[in-house]
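Q: Please take a close look at the packing of aromatic and nonpolar side chains in this structure. Go on from there to the charged pairs, and give the reasoning wherever a label depends on a cut-off.

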Amino acid sequence: MAIARYPGLVIDCPDPPALARFYGELLGWEVSGDDGWAEIREGNTQCISFQRVEPFTPPQWPGQDVPQQMHLDVMVQDLDAAEPEVLALGATKAEHQPGETFRVFLDPAGHPFCLCVS
């Protein structure tokens, strides 16, 4: 039997509501919170939280002067169809693209995340 359930991820950022809105739109999850802490939820089982950190230094990917420390991989049906949608939400496409079954983007706070088809 598991000791715990429903793990959550907390992401440091300079603007929790803005980053929660970005990922909420990306995943279609409900957004809540305030200036210091925001979160997105899918029902009662999955949650990603965002906490204000000042000063915030975004990761430098793919370099390691400021390591990424973590990143999210999200599954999509079609990379070409999903790319303009995440760009419209405020993501930027990373210059370095090391694979063919995924694409690396940076969220509005500079965290890398990947759209993946496998």
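A: What follows starts with the rings, moves to the core around them and ends with the salt bridges. The model is a predicted one.

Five aromatic pairs are present in the structure. One of them joins Phe22 and Tyr23, whose ring centres are 4.9 Å apart with 85 degrees between the planes. This pair is edge-to-face because planes over 60 degrees apart count as such. Phe22 has a relative accessibility of 3% and therefore counts as buried, the limit for that label being under 20%. Tyr23 is buried as well, with a relative accessible area of 2%.

Tyr23 also pairs with Phe50, and here the centres are 5.8 Å apart and the planes lie at 10 degrees, so the arrangement is stacked. The cut-off for that label is an angle under 30 degrees. Because Tyr23 sits in helix α1 (residues 16-27) and Phe50 in strand β4 (residues 46-52), the pair ties together parts that are 27 residues apart in sequence. Both Tyr23 and Phe50 are buried. Tyr23 thus takes part in an edge-to-face pair with Phe22 and in a stacked pair with Phe50. Ring pairs extend the picture to a cluster made up of Phe22, Tyr23, Phe50, Phe105 and Phe113.

Several of these rings return in the nonpolar core. The largest such core has 22 residues, and Tyr23, Phe50 and Phe113 are among those with the most contacts inside it, a list that also includes Leu19, Ile40, Ile48 and Leu115. Two or more residues of this core come from each of β1 (8-13), α1, β3 (37-42), β4, β5 (72-75), α2 (79-89) and β8 (112-116). Helix α1 contributes the most, with four residues.

Ile40 gives a view of the surroundings from one of these core residues. With neighbours within four places in sequence left aside, Ile40 is in contact with Tyr23 and Phe50, which form the stacked pair. Ala20, Gly24, Leu27, Trp29, Glu30 and Val31 are also among the contacts of Ile40, as are Gln46, Cys47 and Ile48.

The charged side chains come next. A search of the whole structure gives five salt bridges. In one of them, Arg103 meets Asp80 at 2.7 Å, N to O. This pair links distant parts of the chain, with Arg103 in strand β7 (residues 102-106) and Asp80 in helix α2, 23 residues apart. The two partners differ in exposure: Arg103 is buried at 17% relative accessible area, while Asp80 is exposed at 56%.

Arg103 has a further salt bridge with Glu83, where the closest N and O atoms are 2.8 Å apart. Because Arg103 lies in strand β7 and Glu83 in helix α2, this pair ties together parts 20 residues apart in sequence. In this case both residues, Arg103 and Glu83, are buried. Salt bridges link Asp80, Glu83, Lys93 and Arg103 into a network.

Another salt bridge joins the side chains of Arg52 and Glu54, with an N to O distance of 3.4 Å. Arg52 is partly exposed, its relative accessible area being 31%, and Glu54 is exposed at 60%. Neither of these two residues is buried, because that label requires a value under 20%.

Key: Residues are numbered from 1 along each chain as its sequence is written. This is a predicted model: local features need pLDDT of at least 70, side-chain atom pairs count only at pLDDT 80 or more; totals for chains, interfaces and linings use all residues. Side-chain values use heavy atoms; hydrogens and water are left out. Rings of Phe, Tyr and Trp (its six-membered ring) pair if their centres lie within 6.5 Å; planes under 30 degrees apart count as stacked, over 60 as edge-to-face and the rest as tilted. Buried means under 20% relative accessible area, exposed over 50%, partly exposed in between (1.4 Å probe, protein chains only). A nonpolar core is a set of buried Ala, Val, Leu, Ile, Met, Phe, Trp, Tyr and Cys residues joined through side-chain atoms within 4.5 Å. Contact means heavy atoms within 4.5 Å. A salt bridge is a side-chain nitrogen of Lys or Arg within 4 Å of a carboxyl oxygen of Asp or Glu.
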